[in-house]
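Me: I'm a first-year student, and I'd like a close look at the pockets and cavities in this protein. Could you walk me through them in plain words?

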Amino acid sequence: MPVVKRVPSTSPVREIGIVHLGLGAFHRAHQAVYLQRHLNRHGQSEWGLCSANLRSNRTLVDQLREQDGRYHVAEYRDREQVTLREIGVLRQCLYVGEGGHELELLLQRMAAPQTRIVTLTVTEKGYYLSPATGQLRIEDPAIAHDIAHPQAPRTAPGIILEALRRRHAAGVPAFTVLCCDNMPDNGQRTRQAVSALTAMQDEGLAQWINDHVAFPSCMVDRIVPSMDAESFTRLERQLDCRDPAAVVCESFTQWVIEDHFPLGRPDWEVEGVQMVDNVRPFETMKLRMLNGSHSLLAYVGLLVGHESVFEAINDADLAHFVERYMAQEAAPTLDMPAGIDLAVYAHDLKARFANDSLQHRLRQIAMDGSQKLPQRWLLGAQQLLEMGRGLACTAVGIAAWIYYCTQPLPDGSAHVVNDPLSATFADLAGRFEGESLVDAFLNLDEVFPAVLAERSAFRDAVQRAYGALACDGMGSLLHTFAAYD
Ligand code: CS2
């Protein structure tokens, strides 16, 4: 049994100062924990949270309301040590379905002068930007709806826009928008989504947003697997914690934020948040080293029959393959500030992946590949080509992704491909196979930018990897990497 340190929430929240969109496990185990630590330290806080789910997981919102917004976060350092935190900083929970009463409550809360920051974790696809070009996908039905009905928005950019419109009309200064999703220049991307939507509706407002709304970027990091029945049972058995809204995560946590908050912010730096002028090197490092390795472990790992990150990193060939990816294909593309040693970072990442207290399912990471690949692998791949370096591991990753999106798993089990482009993948799988299937995937311009897709060195590397995978299987392909070094 682990040693459990219990940290209760004792202090009152005076005011709600932050509205969050996307009340998922990551938000509850990352941002909410920083705010709770802030509250515990100060003994009171005007930075309470109102968090909303947009058309997903109503049950969780109902549950949290029954518990007056209180829940627990179990932070596992390893099997031996865990901190169980009570979170009391979440003062209002909303479920925003199709329009209705709670959308109005959310918009009122966002328009209230006390709200000074709006944060988001709505996943990459929640911004409705093309992954390859970063342009707003105005043809998407949800965005088309928000253009036609700006006062009853469904999307996160549409909701932010309507809240800002109300503030502008009432003469209330703009809140700061802080995107906490895993995208490069995530502040800029969020600005792009909101501005493009505004420009189609109201040029005056677009100018005001351009001049007055800050969209700082940030890098967030904490491994937070989605909860399943097994995790709840373990919490009950090991920690005597019966909380249907609880979350399990690793003890590691990092948050690097661009310091641009015109209406003020919590003194996060006291809780270890790094407030910086330029977050880009940290974001790129995390996306390519951590998330890039995660996606490799996911697609490659699933094809050799693994289910969790822990299992995958304990496969010697796969661990070696990921180490090689980090050292030879991710690190060389990064330009880090002094004091950051990428070899140490890579070593620490491997130890985090090997945390056997987390049931981090590879299928969870494999979701939404079309939205994740560009920033995790493809921007780095372009740089590798420009530098004249090889990209063998990245090519195997892409081949494994194509395989995962179009074929059954090696044990013959069919799986659901959870991705906004899944219908396109199914269509391509029905029409093509082998080399022409790979070609058809590489021609998907929503995913692969032309500058990369046009390079024969890139296409050939992916074709070779896919050929070897289809012919010999992933296990033996990995083995050749181990033998080769
Ligand atoms: C993971 C991330 O699901 C995924 O795609 O790579 O959620 C990862 O666990 C976090 O970014 C860690 O900070």
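Which helices and strands each supply at least two residues of the lining of the largest pocket?

Reply: Happy to help! Please keep in mind that this is a predicted model. Six elements are the ones you asked for: the helices α1 (25-29), α10 (280-303), α14 (362-366) and α15 (369-386), along with the strands β3 (48-54) and β9 (218-221), and each supplies at least two residues of that lining.

Let's stay with this pocket for a moment. The largest pocket has a volume of about 1,400 Å³, and 48 residues line it. If you want to find its centre on your screen, look for G24, A25, F26, T123 and Q364, the lining residues that lie nearest to that point. The lining is a mixture by class, with 20 nonpolar, 16 polar and 12 charged residues. Two domains take part in it: domain 1 (3-276) and domain 2 (280-484) each contribute at least three residues to the lining of the largest pocket.

Next comes the second largest pocket, which holds about 360 Å³ of space. Its lining consists of 17 residues, and F252, Y345, D348, L349 and R352 are the ones nearest its centre. Two elements, α10 and α13 (342-353), give two or more residues to this lining. Of these, α13 gives the most, with five residues. Sorted by class, the lining of the second largest pocket has seven nonpolar, five polar and five charged residues. Where does this pocket sit? Domain 1 (3-276) and domain 2 (280-484) both give residues to its lining, so the second largest pocket lies between them.

Now for the ligand. Around the ligand you will find N182, V220, D221, R222, K286, N291, H294, H360, I365, K372 and R376. Three of these residues are worth zooming in on, starting with K286, which has a polar side-chain atom 2.6 Å from an oxygen atom of the ligand. K372 also brings in a polar side-chain atom, this one 2.9 Å from a ligand oxygen. With R222, a polar atom of the backbone is involved, and the distance to an oxygen atom of the ligand is 3.0 Å. The ligand exposes 350 Å² when taken alone, and the protein buries 89% of that area.

Finally, let's turn to the enclosed spaces. Rolling a probe the size of a water molecule over the atoms shows where empty space is left. There are five cavities of 30 Å³ or more in this model. The largest cavity contains about 70 Å³ of space, and its lining is made of E124, Y127, L129, S130, P131, M183, R189, Q371 and Q375. Four of those lining residues are nonpolar, three are polar and two are charged.

The second largest cavity has about 50 Å³ of space. Its lining is I223, H294, V309, F310, R352, F353, N355, L358 and H360. Here α11 (309-313) and α13 are the elements that give two or more residues. The class count for this cavity is five nonpolar, three polar and one charged. Some of these names should look familiar by now: H294 and H360 line the second largest cavity and also belong to the residues around the ligand. Likewise, R352 lines this cavity and is one of the residues nearest the centre of the second largest pocket.

How values were computed:
Residues numbered from 1 in each chain as written. Predicted model: local features only at pLDDT ≥ 70, side-chain atom pairs only at ≥ 80, totals over all residues. Heavy atoms only, no water. 1 Å grid on protein atoms, 1.4 Å probe; cavity = no way out; pocket = protein on both sides within 12 Å on 5 of 7 lines; lining within 4 Å. Points joined across faces, edges and corners; volume = space filled by probe spheres on them. Helix = DSSP H or I, 4+ residues; strand = E, 2+ residues; numbered from the N terminus. Nonpolar A, V, L, I, M, F, W, Y, C, P; charged D, E, K, R; others polar. Domains from an automatic or database assignment. Near = heavy atom within 4 Å. Polar contact = N/O pair within 3.5 Å; in protein donor to acceptor, adjacent residues only side chain to side chain. Areas by Shrake-Rupley, 256 points an atom, 1.4 Å probe, with all protein chains shown as cover.
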